[in-house]
Amino acid sequence: MADITPIVVNPEGSKRVVVTKELPGTHWQDILTAADCRIEIMPGTEILSKEEIIALIGDQCDGAIGQLTEAWDTDTLGALKAAGGTAYSNYAVGFNNVDVAAANELGLPVGNTPGVLTETTAELAIALTFAASRRIVESDQFMRSGQFHGWLPQLFMGQLFHGKTVGIIGAGRIGAAYARMMVEGHKMNLVYYDLYQNESLEDYVADYGALLEKHGEPAVTCQRVDSIEELLKVSDLVSLHTVLDENTKHLINEERLNLMKKDAILVNSARGPIIDENALVAHCQKNPDFRVGLDVFEEEPAMAPGLADLDNVVIVPHIASATVWTREGMASLAASNVAGLLQGYSLWDGADVLPFLEGDIPQAMPNIVNASEVGIS
Ligand SMILES: O=C(O)[C@H](O)CO
């Protein structure tokens with residue numbers, strides 16, 4: 001077990017809040033300090049085990065901010081509750097690492113950080129899309145290794161997206177932002193699969209199509225499909241934006257990969273286990289023109305055997321939300337969740353979370369995922 005020597009901010013604060021990793025910026029510390037919290041921050045890059053988290057919580061702890069890499073389950077949430085804790089926030093929008101049923105059972109509120117990752121995550125998904133389709137990493141390696149001896153008609157040919165079809169699985173905030181970027185920027189037709197209709201996305205694409213027609217260009221279209229199979233068959237590019245739960249684990253498996261076009265592009269910036277990674281490796285080995293961009297991995301930080309050897313896969317280390325604005329914003333939102341809970345505030349009912357990002361923040365919690373289950377309104 002690592003020697004736990006946290007960094008302490010505002011040592012005289014009357015409420016003890018533990019933070020399992022150093023977070024960017026200082027606004028989040030101001031928020032907790034203003035709420036009379038003593039902040040204890042775990043330094044270093046090592047991912048904490050459950051035992052280390054429990055040791056950090058100790059005998060008395062009012063609140064905690066945890067990471068998506070940590071298991072916040074009956075043991076860790078139970079330790080927080082037993083130490084007198086009444087507030088937890090994930091430093092993430094995704095919360096598949098939190099056992100929300102256990103939190104409900106313990107009566108512990110669980111916060112998360114939606115609203116500041118949308119464009120940032122969509123932009124990284126776009127970067128992966130083009131890195132994969134235009135073979136940027138392979139080309140870069142080719143240049144650096146001195147293999148470029150002059151322009152050639154067939155050197156590193158990839159796929160054009162303009163006017164083709166983009167398929168989005170999960171058309172929530174991030175999925176819709178990505179869809180709009182590909183539709184607006186590259187005049188792609190959109191198909192999407194989601195349990196819920198996204199009317200504003202559909203309206204947007206219809207209006208954009210009308211604008212294009214007015215300017216003498218073909219209109220773009222938007223279609224919500226009833227099955228993932230249908231989407232996979234027609235799409236030239238597929239981007240995944242669903243939550244991870246028992247219904248979406250291995251949503252993309254061998255059978256579904258085989259339905260995709262042989263030269264399609266697949267991008268995952270959501271959660272690794274949505275794709276059966278071993279099946280993906282086998283598929284990419286068999287289909288060299290099939291290209292993939294991955295920000296997330298099934299057994300993070302490990303990769304499936306063979307994945308790193310594939311030229312047709314671009315891999316980055318779960319950095320989709322890694323812009324300064326977003327990561328500092330996530331810290332402000334997580335701190336506001338905890339500070340608000342400790343001060344007995346209500347849920348934020350504003351349209352967006354920007355007021356939490358600087359200066360004096362609203363007397364509210366930005367987002368609590370199990371608010372109704374634990375009686376918070
Ligand atoms: O869930 C999240 O917040 C993201 O995966 C972090 O990048």
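Where is the place of Leu32 in this structure? In this predicted model, Leu32 lies in helix 1. The residue is buried, with a relative accessible area of 0%. Apart from residues up to four places away in sequence, Leu32 touches Val17, Cys37, Ile39, Ile65, Ala335, Val338 and Ala339. Contacts of this kind link parts of the chain remote in numbering: the C-alpha atoms of Leu32 and Gly340 are separated by 9.2 Å, although 308 residues apart along the chain.

The packing of helices puts these contacts in context. Helix 1, residues 27-34, packs with helix 12, residues 324-342, at an angle of about 10°, and the axes are 8 Å apart. Helix 1 is therefore roughly parallel to helix 12, since angles under 35 degrees count as roughly parallel. On the side of helix 1, the contact is made by His27, Trp28, Ile31 and Leu32; helix 12 contributes Ala331, Ser332, Ala335, Ser336, Val338 and Ala339. By class, the residues of this contact divide into seven nonpolar, three polar and no charged.

A second helix pair may be read in the same manner. Helix 7 (residues 173-186) and helix 8 (residues 199-214) also pack at an angle of about 10°, with their axes 11 Å apart. These two helices are therefore roughly parallel to each other. Ala176, Ala179, Arg180, Val183 and Glu184 of helix 7 meet Leu201, Tyr204, Val205 and Tyr208 of helix 8. Here the contact comprises seven nonpolar, no polar and two charged residues.

Cys37, one of the residues touched by Leu32, leads to the matter of disulfides. A search of the whole structure finds zero disulfides. Why does Cys37 form no such bond? The closest cysteine sulfur, in Cys61, is 10 Å from the sulfur of Cys37 and thus too far for a bond, given that a disulfide requires a pair of cysteine sulfur atoms within 2.5 Å. Cys61 is likewise in no disulfide, its nearest cysteine sulfur being that of Cys37. Cys37 is buried, with a relative accessible area of 0%, and Cys61 is buried, also with a value of 0%.

The wider setting comes from the record. An unreviewed UniProt entry places the feature "domain: D-isomer specific 2-hydroxyacid dehydrogenase catalytic" at residues 25-346. Over residues 25-346 the chain is 40% helix and 14% strand. The end C-alpha atoms of that stretch are 25 Å apart.

Methods. Residues are numbered from 1 along each chain as its sequence is written. This is a predicted model: local features need pLDDT of at least 70, side-chain atom pairs count only at pLDDT 80 or more; totals for chains, interfaces and linings use all residues. Side-chain values use heavy atoms; hydrogens and water are left out. UniProt positions are given in the numbering used here, feature names are shortened, and annotations may be inferred rather than shown by experiment. Helices (H or I, at least four residues) and strands (E, at least two) are DSSP runs, numbered from the N terminus. Axes are lines fitted to C-alpha atoms, for helices over the stretch in contact, and angles run from 0 to 180 degrees between N-to-C directions. Angles under 35 degrees count as roughly parallel, over 145 as roughly antiparallel, 65 to 115 as roughly perpendicular and the rest as oblique. Contact means heavy atoms within 4.5 Å. Ala, Val, Leu, Ile, Met, Phe, Trp, Tyr, Cys and Pro count as nonpolar, Asp, Glu, Lys and Arg as charged, and the others, Gly among them, as polar. Buried means under 20% relative accessible area, exposed over 50%, partly exposed in between (1.4 Å probe, protein chains only).
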